[in-house]
Amino acid sequence: MLHTNLSINEKGNLSFAGVDTAELANEYKTPLYVLDEERIREKCRAYINSMKKYFGESAQALYASKALSFKEIYRIVKDEGMSVDVVSGGEIYTAKEAGFPMERVYFHGNNKTDDEIEFAMDCGVGYFMADCREELLAISRIAGEKGITQKIIMRLTPGIDTHTYEAVRTGQVDSKFGTAIETGQAIKMIEFALSLPNISLDGFHCHVGSQVFDGETFCQSAEIMIDFIALVKKELGYEAKTLNLGGGFGVRYIESDPHLDIEKTIEEISVYVKNKCASAGVTMPRILMEPGRSIVADAGLTLYSVGSVKTITGYKSYVAIDGGMGDNPRYALYGSLYSALIANKADKEASFKCTIAGKCCESGDLIAEDIMLQECEKGDILAVLTTGAYNFSMASNYNRIPRLPIVILKDGKSRIGVKRETYEDIVRNDM
Ligand SMILES: *Cc1c(COP(=O)(O)O)cnc(C)c1O
């Protein structure tokens, strides 16, 4: 099957992390997110171990927690020794409430508000990934008011165009993130950062986008970043201690997507980085990488109940489910492809071509179009695979539909990670 934590059991049902998904749907009701804790832990270990092995002990793997943020995930990744990326006050608060060590938190975002900057400093966030001039000024001023020196890493855009969805590309020169190297603006920004009090520049950051399947793209951005480190060393006499090469490691959503071997890819990048540092005459910096999607995506799936099967004679068939763009907006946003199957008929042939429709009042509320499923009817359970990343974290209450719970599986047992929202939750802040 698509991932090794999926199989079909003796009842013909889809089994996930060794647990019968039809039984889970029955016990916890649908719609429901399910997470395989062991898979998340395996992924954390794959990054941590290969980064230490190939980049040395100082290297660090950061979990980009915007992919999936709730308290228990911070406890799991902390337990595995990961650091984390956060992108908002809300993510910082969640990590803090979960007891995540704040010195291992890296604060991203292209427009951190002054309130967020202040909150992050009060929490003791380790590093700010500084985006622009206004932000440098604000960090310097607020750190001064608090009598601290804030460590920062400067976000730069290496000018790499990844072959990925438009909306998730971030490394090209006209990106809304960071400062462009190509235009000469980055070196001026570094000069400015070095001139400001109360901040300490630790190094540089880049992130070229998401769903990258080759080491080559990371090597290309490493080349530009290391040349830039050498340039800054020569021009400004400052040598970066840290180089963050970003995240974006690709994940398989459909059978035709490639497999990305984490260890091999990191080895490939490390060989390149070491040679490049030597030839550019710079000291090998501490290397950071920040995978999000690839830590959690295939550790998740979503279970729905089929409500109707509607065939428009001569046109198409719709399978309507009890969730949709509120819990998974990725098809509506980017046309992202998914694999799905009928969990309680997983051993049957997928011979029914259909479109999976959500329940929102919006024609674009679809999960997949022209996908092959098992023949199904009202009451069957639909499993949409690989929904661990950017589903719960992107969920909304559109149409005042309560958000789904998260059930975590570990050692064949299940527990609730996030409770299902109630109607009372939905009106809680309404006056
Ligand atoms: C989103 C993001 C990541 C993680 O990207 P994935 O595709 O989920 O691995 C890493 N770094 C930054 C700066 C990001 O914005």
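A residue counts as buried when its relative accessible area is under 20%, as exposed when it is over 50%, and as partly exposed in between. The close-ups below all come from a predicted model.

**View 1. Two buried cysteines in a structure without disulfides.** Let us start with the cysteines. Cys44 has a relative accessible area of 0%, so this residue is buried. Cys354 takes part in no disulfide, and its nearest cysteine sulfur, the one of Cys376, is 6.0 Å away. A disulfide calls for two cysteine sulfur atoms within 2.5 Å, so a pair at that distance does not qualify. Cys354 is buried too, with a relative accessible area of 1%. A search of the whole structure turns up 0 disulfides.

**View 2. The ligand and the residues around it.** Here the ligand has 15 residues around it, and those that come nearest are Lys66, Ser210, Glu290, Arg293 and Tyr390. Sorted by class, this shell holds 3 nonpolar, 7 polar and 5 charged residues. Three contacts to ligand oxygen atoms are worth following one by one. The side chain of Tyr390 places an N or O atom 2.5 Å from an oxygen atom of the ligand. From Arg293, a backbone N or O atom lies 2.7 Å from a ligand oxygen. Gly292 also contributes through its backbone, with a polar atom 2.9 Å from an oxygen atom of the ligand. How much of the ligand's own area does the protein bury? Taken alone the ligand exposes 390 Å², and the protein buries 93% of that.

**View 3. Arg41 and its two salt-bridge partners.** Side chains of opposite charge can pair when their charged atoms come close. Arg41 offers two such pairs to look at. One is with Glu37, where the N to O distance is 2.9 Å. Arg41 and Glu37 are 4 residues apart in helix H2 (residues 37-55), so about one helical turn separates them. Glu37 is buried at a relative accessible area of 4%, and Arg41 is buried at 11%. The other pair joins Glu80 and Arg41 in a salt bridge of 2.8 Å, N to O. This pair links distant parts of the chain, as Arg41 sits in helix H2 while Glu80 lies 39 residues away, in the loop between helix H3 (71-79) and strand E6 (83-86). Glu80 counts as buried as well, with 16% relative accessibility.

**View 4. A salt bridge between helices H5 and H6, and a network elsewhere.** The side chains of Asp122 and Lys146 meet in a salt bridge with an N to O distance of 3.0 Å. Asp122 belongs to helix H5 (residues 114-123) and Lys146 to helix H6 (residues 133-146), so that the pair links distant parts of the chain, 24 residues apart. Are these two residues buried or exposed? Asp122 is exposed, with a relative accessible area of 54%, whereas Lys146 counts as partly exposed at 29%. Turning back to the surroundings of Arg41, salt bridges that share partners join Glu37, Glu38, Arg41, Arg45, Glu72, Arg75, Asp79, Glu80 and Arg415 into one network. The structure holds 30 salt bridges.

**View 5. Helix H3 and the glycine that follows.** In H3, the buried residues are Glu72, Ile73, Tyr74, Ile76 and Val77. Gly81 follows H3, and its phi is positive, near 90 degrees.

**View 6. Gln374, a buried loop residue.** Gln374 is located in the loop between strand E18 (366-373) and strand E19 (381-385). With 4% relative accessibility, Gln374 counts as buried. A polar atom of its side chain is 2.9 Å from the backbone nitrogen of Ile342.

**View 7. A cis peptide bond and two positive phi angles.** Most residues other than glycine have a negative phi, and most peptide bonds are trans. Three spots here are therefore worth a closer look. The peptide bond between Thr30 and Pro31 is cis, with omega about -10 degrees. Pro31 lies in the loop between helix H1 (21-28) and strand E4 (32-36). Gln211 is not a glycine, yet its phi is positive at about 60 degrees. Its place is the loop between strand E11 (199-205) and helix H8 (215-236), and at 12% relative accessibility Gln211 counts as buried. Asp370, found in strand E18, is another residue other than glycine with a positive phi, near 50 degrees.

Technical notes. Residues are numbered from 1 along each chain as its sequence is written. This is a predicted model: local features need pLDDT of at least 70, side-chain atom pairs count only at pLDDT 80 or more; totals for chains, interfaces and linings use all residues. Side-chain values use heavy atoms; hydrogens and water are left out. Buried means under 20% relative accessible area, exposed over 50%, partly exposed in between (1.4 Å probe, protein chains only). A residue is near a molecule or strand if one of its heavy atoms lies within 4 Å of it. A polar contact is a pair of N or O atoms within 3.5 Å; within protein, one must be able to donate a hydrogen and the other to accept it, and residues adjacent in sequence count only if both atoms are side-chain atoms. Accessible areas come from the Shrake-Rupley method with a 1.4 Å probe; for residues, only the protein chains shown count as cover. Ala, Val, Leu, Ile, Met, Phe, Trp, Tyr, Cys and Pro count as nonpolar, Asp, Glu, Lys and Arg as charged, and the others, Gly among them, as polar. A salt bridge is a side-chain nitrogen of Lys or Arg within 4 Å of a carboxyl oxygen of Asp or Glu. Helices (H or I, at least four residues) and strands (E, at least two) are DSSP runs, numbered from the N terminus.
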